[in-house]
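Hi everyone, thanks for making time. Let me put the model up on the screen, and then we can walk through it together.

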Amino acid sequence: MKMTKLAATLAATMVVAGPTLAETLHFPSLSYRTGPFAAGGIPFADGYSDYLTLINERDGGIGGVPIRQTECETAYNTERGVECYQSIRNDNPLVLQPLSTGITYQLIPRTMEDGIPMHTMGYGRTSAVNGEVFNWTFNYPANYWDGASVIINYLLDENDGSLEGKKIALLYHNSAYGREPIPTLTRLGETHGYELVTIGVDSPGQEQGSQWLQIRRERPDYVVMWGWGVMNPTAIQEAANIRFPMENFIGVWWSGSQQDVRPVGSGAHGYKALAMHGTGTDYPIYDDMQQYVIDAGKYAGTGDEVGTVLYSRGMYAAMLAVEAAKKAQEIHGVAAITPAMMRDGMANLEITEELMAELGLPNFGPAFSVACENHGGSGAAMIQQWDAEAGEWNLITDWISPDRDLIMEMAMDDSVAYAAENDITPACLN
């Protein structure tokens, strides 16, 4: 892949009014490479960093302005995440991606006050989809409630359109993150006639004996998991131990990486999870990544996570940030954008299938557009299944749409309540 047509055009048109050599575009990373959640935090941080490095090395930055990366270790700890934010908030950060629902909840009011955009891709506060209340928070291309609805729509398809009389157990991380899908699964249960059993696991999740005893007693038809970090392989191992049908065990996209299934060996064969993007390295972008970043020795971390699910997700998050920065440059006609300009780029972002192909990621992510009324994208996701013998995830469905009417109704109720509690008058900024 070469520099995209848009990037080349921007670089050419912004030479006259371009930045000085000292100007950079600051993309901070609130990462966690330590602690019980490091197995997921490391590949995401590596993918995020490597994509930004690729843009610098191959394209010379964005619109001719080099990217400056900084990284602050949060250890997935909310207090440390807030400390990281305080340390970078005056350093012109274009977008924050905390990769933590707990940190996201703490930073929403702070970023609103400081005018700094935040992207919580597939996590965080679901009702942030309402951009009239959460002007500075974006959660495209999908959120937790989308994910819960996609799983139910998949199970409906697997059961000839009816879940009447079925029992579904939700095994969740007992935190703001893990509790997010409960309202959606409860509402959908009332609609589709299944019984929902919710079973919490205290952080970090290495002790699950009592929870799986309950699952054995309840005998659910399906187990849905909202786990992260060490909770995931522990749960999959426990499921294998009681011989729960692995094809009836479905995780959210944060419970579907190589780090979750490899420790279980053959016992994880057949386990399923949501996928918000493609899997594997069969995309042209990886040729460029190999040439400009890996072979050049400019990779983050150890360089051995390329192509894993969470590496690809970090790369995808960085790609969406870069495309939003290009959109901001296009809107404002300057290369050295500010956080407020970046917000405009995110609020007007449009991802088409043609653009994804141009970027070397054909069919990797869904096409979607962002607007004030919808900061959440399409909400579509796929289902992937683990093949333990081949050691790879395989996509077994096309994109599945969520019940967006229900989700937007719930999001409006929650966001309007948040606005009332925080004296916010809902309105678009553009």
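I'll talk about two helix pairs and then one strand with its neighbours.

A quick word on ground rules: this is a predicted model, where local features need pLDDT of at least 70, side-chain atom pairs count only at pLDDT 80 or more, and totals for chains, interfaces and linings use all residues. Residues are numbered from 1 along each chain as its sequence is written, and side-chain values use heavy atoms, with hydrogens and water left out.

Let's begin with helix H2, residues 38-59, and helix H12, residues 309-332: their axes come within 6 Å and cross at roughly 40 degrees. Helices here are DSSP runs of H or I with at least four residues, strands are runs of E with at least two, and both are numbered from the N terminus. Axes are lines fitted to C-alpha atoms, for helices over the stretch in contact, and angles run from 0 to 180 degrees between N-to-C directions. That angle makes H2 oblique to H12; under 35 degrees would count as roughly parallel, over 145 as roughly antiparallel, 65 to 115 as roughly perpendicular, and the rest is oblique.

Who touches whom? On the H2 side, the contact residues include Phe44, Tyr48 and Leu52, and on the H12 side they include Tyr311, Met315 and Val322, with contact meaning heavy atoms within 4.5 Å. By class, this contact has 14 nonpolar, 3 polar and 3 charged residues. Ala, Val, Leu, Ile, Met, Phe, Trp, Tyr, Cys and Pro count as nonpolar, Asp, Glu, Lys and Arg as charged, and the others, Gly among them, as polar.

Now for the second pair. Helix H7, residues 182-192, packs against helix H15, residues 404-421, at about 130 degrees, with the axes 11 Å apart. So H7 is oblique to H15. Pro183, Thr184, Arg187 and Leu188 from H7 meet Leu406, Glu409 and Met410 from H15, giving 4 nonpolar, 1 polar and 2 charged residues.

Finally, is strand S5 buried or exposed? In S5, residues 167-173, 7 of the 7 residues are buried, so the strand is largely enclosed by the rest of the structure. Buried means under 20% relative accessible area, exposed over 50%, and partly exposed in between, with a 1.4 Å probe and protein chains only. Lys167, Ala169, Leu171 and His173 point one way, while Ile168, Leu170 and Tyr172 point the other.

S5 runs parallel to strand S6, residues 195-201, joined by 7 bridges, and Leu171 stands opposite Ile199 there. Strand S7, residues 222-226, is also parallel to S5, through 5 bridges, with Tyr222 as the partner of Ile168. Strands pair if DSSP finds at least two bridges between them.
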